[in-house]
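Student: Could we go through this structure together? I would like to begin with how two of its helices pack.
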Amino acid sequence: MLPREGSPGAARMFSPPFAGALAGLVALAGVSVLVGVGVTPLALFTGEAGHGLLVLAASRIPRTLALVFAGLAMGVCAALMQMMFRNRFVEPTTAGTAQAATLGLLVATIAAPDWPPLAKMAVATAFALVATLLFLKIIARVAFRGAVLVPLVGLMLGGVIDALSVFIAYRYDLLQALGAWTTGNFSGVLRGRYELLWLTVVLAGIAYATADRFTAAGLGDAFATNLGLDYRRIVAMGLAIVALATAACIATAGTVPFLGLIVANLVALALGDNLRRTLPWIALSGAAFLLACDIVGRLVRYPYEIPVGTVAGVAGSALFLYLLLRRRLRLG
Amino acid sequence: MIKVANVSKSYGTTRVLDDVSLSLPKGGLTALIGPNGAGKSTLLSIMARLLSPDAGTVHVDGLDVFATPGAVLARRLAILKQNNQITPRLTVAELVAFGRFPYSRGRLTREDAERVSDAIAYVDLSAVQDRLIDELSGGQRQRAFIAMVLAQDPACLLLDEPLNNLDMKHAAAIMRLLRRAADDLGKTVVVVIHDINFASCHADRIVAMKEGRLILQEAPAAVMRPEVLRAVYDMDIAVHEIAGTRLAAYYR
Amino acid sequence: MAEAGHTRARNVLLLLGFVALLAMASFMTVGARGNWGFVLTLRGGKLAGLVLVGIAVAVSTVLFQTLTENRILTPAVMGFDALYVTLQTLAVFGLGGGAATALDPRLRFFAEAVLLTAAVLALFRWLFDGRRGLHLVVLSGLVFGVLCRGLANLLQRILDPNEFSVLQSMMFTRFNMVDTNLLPVAALIILAACVVAVRLVPVLDVLALGRDAAISLGVDHGRMVKLLIVLVALLVSVSTALVGPVMFFGLLVSNFAYIALGTDRHRYTLPAAALIAIACLAAGQTVLERVLGYDAALSVVIEFGGGIVFILLLLRGARA
């Protein structure tokens, strides 16, 4: 067991910069709550007969919370996966995890339409786990593990799973539902329909509590074992966290490609790879990124909304490209 | 024959070649030696117009290699590099036939066909000429590529580390082959080579490079001396004369 | 002498030709009812579209793979199809929806094809100028494709927040709904591109030896690359305009052709890939649409199979 109290990051969690960033997130969340169709910011509080407050409680606040939770979860998932796969370009959408969770939701919807959301999410989690394990197996069979080969295979695996989903959805006339899961969109989030996402907060908490183990796993099988850690158990726990959180996000609001990957990489560039220190930053940045994209999506074609998945997809893939091609610039 | 004048090349802030000038006469075998990163391969690539320099000129037979049409130059100059990652599925005869491309643009005449089979015979591969390249041994494959450039019939042959991944027997065979090409066919051969003993045994002159500069151009006997080798490689190398050839013992 | 070893390749080509003919015949006839004249005209138009798309995809992929000296990069993997769709959307965005639809579709198509060619030329130089590894280039291409699709999606939604379906049909492959308006133009472009490609066959074989060897043999490599990129961009424009983006189809047909032939000579690989493509599209549409009644399934099946083949190719390459 690694010393937990003594780890240098612990004390810094509430360092002035982090507190500042947290304040920024809160401000962003405030904007997110106030922006929207139908009710002006002022009327939210002064409006006639509590209508404003109703909107606030039933739709605006749940939506903002859902965005924060989903963004946080995506960042944390990507960070954990990058440690477990020891590769900077792995995250749920580049490892088949997200696509398999979607397939799981689809299958559950077809096979057991009456099941409660939690049960469907459990099915999605199982699918996500299986796919991620399959991905691990495939990657393990490659002798030469080029840093870029891993996400390449993962993206392809995701593509194959996606094709399967489209085929099934097409047969059962569920393309619309599939579209909702594959494109992140928080406009439908209401009180009573996002609470699954609280789970991600718990999962992020677990990840943070065990962050040192993941950092050790990131240094390799031998390194972790050398410290007396059970490498396989760490990976198993990490995969479970990732699969659950991913399934919860997709079931509630859909997929947002590359968000976690970007956030985890940018934070690692600035602060390094000690998860104990970086995980809070990653969680916070993920939430902020998603909130910002959602606000943009709501404002850019006001009064219409553009799904956050579309906005974040563009921003995320552009940043991903930058991360990929940046290395050459450094070489000159 | 080959005239390199004031060639410089940088990658970013790294200067790979620094104002290199070199003049090689017609005929003979020249070995280009030097430690890793000295710029040997870069110089060879620039001489063969595979890379363009930041400054300087290269003339072959009086032709500016960067201004002369590729097809014209291909009859005077050929380069063989070792980075063929994928060899297309070709038989030896098909590969060697590519050497006639500068002349017939892919449609072989009877004369071309004769040249091709002569080249194959010259490197002693007639028995396997209908086998696929990737079924051959390393030494045979190297000879097949050399046959291709022989069929191309240029006055100048540039080879970048042709002995890589070859065992002693095949390496010596390739060097003898190149020597013969210089002697019997009158080719000007330039070889980048790591093993200075091969250079000593087979070359007419040795050009040594270090840190992007040309530091000497001499006959083997003048280069194969401890103080000279020390200047090139920064290590103490004993030189022994065995059967009239100077050999360096650098293994300890 | 060089011809002797190619009996297998020639037999394979003959067989593929026969299979393609059979597939086309069944496409024209299976499940047809009523007025034959009408059926044959209707299906003839569709079949012509499929044949053109097959040739465009196959030829552009083989040319692109020779150009980039590998077997897993295709124009579609590099995101060129998606880029075309993005440019289409951008054109509508820049002109305004009304003006864009008022334009003659053929004129629009030409403008978009020119745009794509220019964009691809710029992109190619930027991406292939240095020593980026193959995997990095492929991954960048895939992510670039995601970016392009995302941008097209975003622009579409900004343009017209309610019209969701237009966008859907633009982003998905639709082998069952070939845009027959463009057929004559498409046929002309493909014919021209194929004539050029056929004349280049000996040079293509030299290019397959690699850049250094090609230059040493006197090929003007830089000029050839530009010419081939233009051909590829034109062919991609044609196929994307006709049926939308096709992700893995080119990868499948080119690799099947390489495996089946046992030689990499372009005089065999180009026609073989085209015949395989035509056979797959015609037979696939016949079986899936007419026999099984799944109208839009062929593209999904190709995506599925293509993804698996792609992974296998990646893993095989990585192990070697």
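Student: How are H13(A) and H14(A) oriented to each other?
Tutor: This is a predicted model. Helix H13 (residues 259–271) of chain A and helix H14 (residues 275–299) of chain A pack at an angle of about 135 degrees. That angle is over 115 but not over 145 degrees, so H13(A) and H14(A) are oblique to each other.

Student: And how far apart are their axes?
Tutor: The axes of H13(A) and H14(A) lie 9 Å apart.

Student: Is the crossing left-handed or right-handed?
Tutor: H13(A) and H14(A) cross in a right-handed manner.

Student: Which residues meet there?
Tutor: From H13(A), the residues include Leu259(A), Val263(A), Val267(A) and Leu271(A). On the H14(A) side, Trp281(A), Ile282(A) and Phe289(A) are among them. The contact of H13(A) with H14(A) comprises eleven nonpolar residues, four polar and one charged.

Student: Turning to the chains, how many residues does the contact take from chain C and from chain A?
Tutor: Chain C contributes 33 residues and chain A contributes 36 residues.

Student: Which helix gives the most on the side of chain C?
Tutor: H6(C) gives the most to the side of chain C that touches chain A, with 16 residues. That side of chain C divides into 22 nonpolar, seven polar and four charged residues.

Student: One more topic: where is Val198(C) found?
Tutor: Val198(C) belongs to helix H8 (residues 183–199) of chain C. It has 14 C-beta neighbours inside 10 Å and therefore counts as partly exposed.

Student: How far apart are Val198(C) and His266(C)?
Tutor: Val198(C) and His266(C) are 68 residues apart in sequence and 8.7 Å apart in space, C-alpha to C-alpha.

Conventions. Residues are numbered from 1 along each chain as its sequence is written. Chains are lettered from A and ligands numbered from 1 in the order in which they are written. This is a predicted model: local features need pLDDT of at least 70, side-chain atom pairs count only at pLDDT 80 or more; totals for chains, interfaces and linings use all residues. Two residues are in contact if their C-beta atoms, placed from the backbone, lie within 7 Å. Helices (H or I, at least four residues) and strands (E, at least two) are DSSP runs, numbered from the N terminus. Ala, Val, Leu, Ile, Met, Phe, Trp, Tyr, Cys and Pro count as nonpolar, Asp, Glu, Lys and Arg as charged, and the others, Gly among them, as polar. Axes are lines fitted to C-alpha atoms, for helices over the stretch in contact, and angles run from 0 to 180 degrees between N-to-C directions. Angles under 35 degrees count as roughly parallel, over 145 as roughly antiparallel, 65 to 115 as roughly perpendicular and the rest as oblique. A crossing is left-handed if the near helix is turned anticlockwise from the far one by less than a right angle, and right-handed if clockwise. A residue is buried if 20 or more other C-beta atoms lie within 10 Å of its own, exposed if 12 or fewer, and partly exposed in between; C-beta atoms are placed from the backbone.
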